[in-house]
Amino acid sequence: MVARAYSCLRCGACCVGDGSAFLYPDDLRTLAGHLGLSLQTMVDRHTDYLILELPDGPNGWVYLPYLILRKDSKERCVFLKEGLCSVHAAKPAQCRETPFVDEFFSDDEWNAAVRKSCPALRDVDPATLPKSAAPAAADRERRYLELLRENSYSLEKILGVTLPAPRILTRAELS
Ligand code: SF4
Ligand code: SF4
């Protein structure tokens with residue numbers, strides 16, 4: 001079989017399942033504008049609020065707030081309609097970069113699972129694949145962490161919205 005160049009087949013498989021689409025403030029504003037919603041309504045209707053417990057240096061922990069796109073009872077993103085992304089023009093940065101997010105390059109288990117589920121990665125010429133995540137992804141996360149530090153780790157303050165009680169994901173649940 002002749003290896004082909006990578007090209008997303010728009011099958012929607014990466015919009016269903018365990019993974020979550022993490023949202024940065026710009027993602028939320030873009031989606032809210034696209035849908036004609038206030039930021040508060042966007043957050044209330046389409047997101048879930050998480051706090052991740054992550055290591056911070058050798059002995060400490062940091063608790064980072066994130067909003068993620070909500071999923072339905074079958075683990076499908078709320079914006080997946082008839083197998084396609086209904087907010088394609090305004091989809092979050094992480095969705096635009098999928099499947100080549102950081103974990104694809106840094107986490108063997110993740111890489112194997114994505115290669116199994118994404119049809120565009122089958123029989124593909126490895127030379128056509130990126131060798132690392134987009135530099136913009138690391139920049140985005142760095143800017144987000146700076147913003148959190150500047151705002152006492154309060155997403156409510158950053159976004160000017162009211163959030164429900166978060167679901168806290170401990171390090172043990174994350175690994
Ligand atoms: S926003 Fe679109 S691309 Fe992103 S997970 Fe939802 S349906 Fe998929
Ligand atoms: S699973 Fe692969 S082919 Fe399907 S939409 Fe996601 S990136 Fe594209």
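**Group meeting: a sheet, a core and two ligand shells**

Let me start with one residue, Ala21. Beyond its neighbours within four places in sequence, Ala21 is in contact with Ile68, Leu69, Cys77, Pro92, Gln94 and Cys95. Keep that residue in mind. Ala21 comes back twice, in the core and around ligand 1. One caution before I go on: this is a predicted model.

Now the overall picture. The protein chain has eight helices and six strands. From the N terminus, the order of elements is β-α-α-β-β-β-β-α-α-α-α-α-β-α. The radius of gyration is 17 Å, close to the 16 Å that the globule rule gives for 175 residues, so the chain is as compact as a globular protein of that length. Along the principal axes, the C-alpha trace spans about 55 × 45 × 30 Å. Buried residues account for 15% of the 175 residues. What about contacts along the sequence? Take the contacts between residues at least 6 apart: 66% of them join residues at least 24 apart.

Next, the sheet. Four strands make an open sheet, in the order S1-S3-S2-S6, and the pairing is mixed. Which strands stand at the edges? S1 and S6 do, each with a single partner strand, so one side of each has no neighbour in the sheet.

Let me walk across it from S1. S1 pairs with S3 over two bridges, in the antiparallel sense. Here Leu23 has Leu67 in S3 as its bridge partner.

Then S3 to S2. Strand S2 covers residues 47-56, and 10 bridges join S2 to S3, again antiparallel. Two positions to look at: Tyr49 stands opposite Leu67, and Leu54 stands opposite Val62. So Leu67 faces a partner on each side: Leu23 in the S1 pairing and Tyr49 in the S2 pairing. S2 and S3 also form a hairpin, with three residues between them. In that turn, Gly57 has a positive phi of about 75°.

Last step, S2 to S6. Strand S6 is residues 167-169, and three bridges join S6 to S2. How do these two run, parallel or antiparallel? They run parallel. In this pairing Ile51 stands opposite Ile168, and Leu52 has Leu169 as its bridge partner.

On to the core. In soluble globular proteins, nonpolar side chains tend to be buried together. The largest nonpolar core here has 15 residues. Which of them touch the most other members? Ala21, Leu23, Leu28, Leu67, Leu69 and Cys77. Four elements give two or more residues to this core: strand S1 (22-23), helix H1 (25-35), helix H2 (39-46) and strand S3 (60-69). The bridge partners Leu23 and Leu67 are both on that list of core residues.

Finally, the ligands. Ligand 1 is surrounded by Cys15, Ala21, Leu69, Cys77, Phe79, Leu80, Cys85, Val87, Lys91, Pro92 and Cys95. By class, that shell is 10 nonpolar, no polar and one charged. Ala21 is in there, and so are Leu69, Cys77, Pro92 and Cys95, which are among the contacts of Ala21 I opened with.

Ligand 2 has its own shell. Around it are Cys8, Leu9, Arg10, Cys11, Gly12, Ala13, Cys14, Thr98, Pro99, Cys118, Pro119 and Ala120. What classes make up this shell around ligand 2? Nine residues are nonpolar, two polar and one charged.

To wrap up, go back to Ala21. Ala21 touches many other members of the largest nonpolar core, and Ala21 also belongs to the shell around ligand 1.

Key
Residues are numbered from 1 along each chain as its sequence is written. Chains are lettered from A and ligands numbered from 1 in the order in which they are written. This is a predicted model: local features need pLDDT of at least 70, side-chain atom pairs count only at pLDDT 80 or more; totals for chains, interfaces and linings use all residues. A nonpolar core is a set of buried Ala, Val, Leu, Ile, Met, Phe, Trp, Tyr and Cys residues joined through C-beta atoms within 7 Å. A residue is buried if 20 or more other C-beta atoms lie within 10 Å of its own, exposed if 12 or fewer, and partly exposed in between; C-beta atoms are placed from the backbone. Two residues are in contact if their C-beta atoms, placed from the backbone, lie within 7 Å. Two strands pair if DSSP finds at least two bridges between them. A residue is near a molecule or strand if its C-beta atom, placed from the backbone, lies within 6 Å of it. Ala, Val, Leu, Ile, Met, Phe, Trp, Tyr, Cys and Pro count as nonpolar, Asp, Glu, Lys and Arg as charged, and the others, Gly among them, as polar. The radius of gyration is taken over C-alpha atoms; the globule rule is 2.2 Å times the number of residues to the power 0.38.
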